[in-house]
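Reader: I would like to go through this model step by step. Please show the sequence and the structure before we begin.

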Amino acid sequence: MRPAAVFTGFTGMAVVAGLLMAGEARLRGGPSGEESTPAEETAAAAPGVAPETAKPTARISDERAEMIARSAEPAAPPAAAAPDGKAPTPADLAQQAAPAVSETASPAAKKAIELPRPMVENAGDLSFGERRLQLAGIVATPADRICGPAGRQWPCGMMAKTALRQLLRNRSINCDLDRAEWKGTITAACRLGTQDLGSWLAENGWAEVAAGSPLAAISETARQAGRGIYGGDPRRK
């Protein structure tokens, strides 16, 4: 057999073996799951140039993407359960979110407190030791007030004080107060039995009334009638 024929036979066998190996590798796949480069393409590649390696593309399934998206969502705060164990309603949630409103205690109602033996400072002001009380709705008549025209003047302030002293005669009175003890001067409505002291002074004209006082009508009647400080000296009658 000639050497050329022998070389050609071995060459043919090598090509066939190469094709078989390439086909088997294509069927099995590479070690990393990628397809092997066919022998024909490897043989056809230019000498000295490495074949281009394809970069695998990272893929993710829809289920995996949904799980990641859910884990990234902020967790909602747990809703407070209602006292009866039921789910809270929107009205309950709004009530819980509303700021707490502090309750303000209503002022204590005044009550009638008995005050013994008041001293009359003037027609409208009383004293109990160092404490003073001004009758409500009344503008006290100073004890040194002088009334009447020139030549017919008279000490109306002292007469008004004397009239109130004669009414009280050192008896106890009841005053509308919120406490029995106080310091300085306090204003209150007081009564001797059922007789309101402020109304008595206004009705007899021994004191003027404060602006807006409910005793204004009574005081106006006394002024028109010329009673008390609105009239003449009662000692001349």
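Reader: In the hairpin of β3 and β4, which residue takes a positive phi?

Author: This is a predicted model, in which local features need pLDDT of at least 70, side-chain atom pairs count only at pLDDT 80 or more, and totals for chains, interfaces and linings use all residues. Residues are numbered from 1 along each chain as its sequence is written, and side-chain values use heavy atoms, with hydrogens and water left out. Strands (E, at least two residues) and helices (H or I, at least four) are DSSP runs numbered from the N terminus, and two strands pair if DSSP finds at least two bridges between them. β3 and β4 pair in the antiparallel sense over 4 bridges; 2 residues lie between these strands, and the positive phi, near 70°, belongs to Gly-129.

Reader: Which residue in β4 stands opposite Phe-128?

Author: Asp-125 stands opposite Gln-134 in β4. For Phe-128 the residue opposite in β4 is Arg-131.

Reader: Which side chains of β4 point to one face and are buried?

Author: In a regular strand the side chains alternate between the two faces of the sheet. Buried means under 20% relative accessible area, exposed over 50%, and partly exposed in between, with a 1.4 Å probe and protein chains only. Along β4, Arg-132 and Gln-134 point to one face and are not buried, while those that point to the other face and are buried are Arg-131, Leu-133 and Leu-135.

Reader: Which strands stand at the edges of the open sheet, and why is one side of each left without a neighbour?

Author: The sheet has 4 strands in the order β2-β3-β4-β7, with mixed pairing. β4 and β7 run parallel and are joined by 4 bridges, with Ile-186 of β7 as the bridge partner of Leu-133. One side of each edge strand lacks a neighbour in the sheet because each has a single partner strand, and these strands are β2 (119-122) and β7.

Reader: What share of the largest nonpolar core comes from α5?

Author: A nonpolar core is a set of buried Ala, Val, Leu, Ile, Met, Phe, Trp, Tyr and Cys residues joined through side-chain atoms within 4.5 Å. The largest one has 34 residues, and those touching the most other members include Leu-133 and Leu-197. Among the elements that give two or more residues to this core are β4 (131-135), α5 (156-168) and α6 (197-203). The largest share comes from α5, at 6 residues.

Reader: How many Å apart in space are Leu-167 and Trp-200?

Author: Leu-167 lies in helix α5. Leaving out residues up to four places away in sequence, Leu-167 touches Leu-192, Leu-197 and Trp-200, where contact means heavy atoms within 4.5 Å. Leu-167 and Trp-200 are 33 residues apart in sequence, and their C-alpha to C-alpha distance is 9.6 Å.

Reader: Why is the disulfide of Cys-147 and Cys-156 right-handed?

Author: A disulfide is taken as a pair of cysteine sulfur atoms within 2.5 Å, and the sulfur atoms of Cys-147 and Cys-156 are 1.9 Å apart. Cys-147 is buried at 6% relative accessibility, and Cys-156 is buried at 0%. The disulfide is right-handed because the torsion about its S-S bond is about 65°.

Reader: Which strands hold Cys-175 and Cys-190?

Author: Cys-175 and Cys-190 form a disulfide, with sulfur atoms 2.0 Å apart. This pair links distant parts of the chain, 15 residues apart, with Cys-175 in β6 and Cys-190 in β8.
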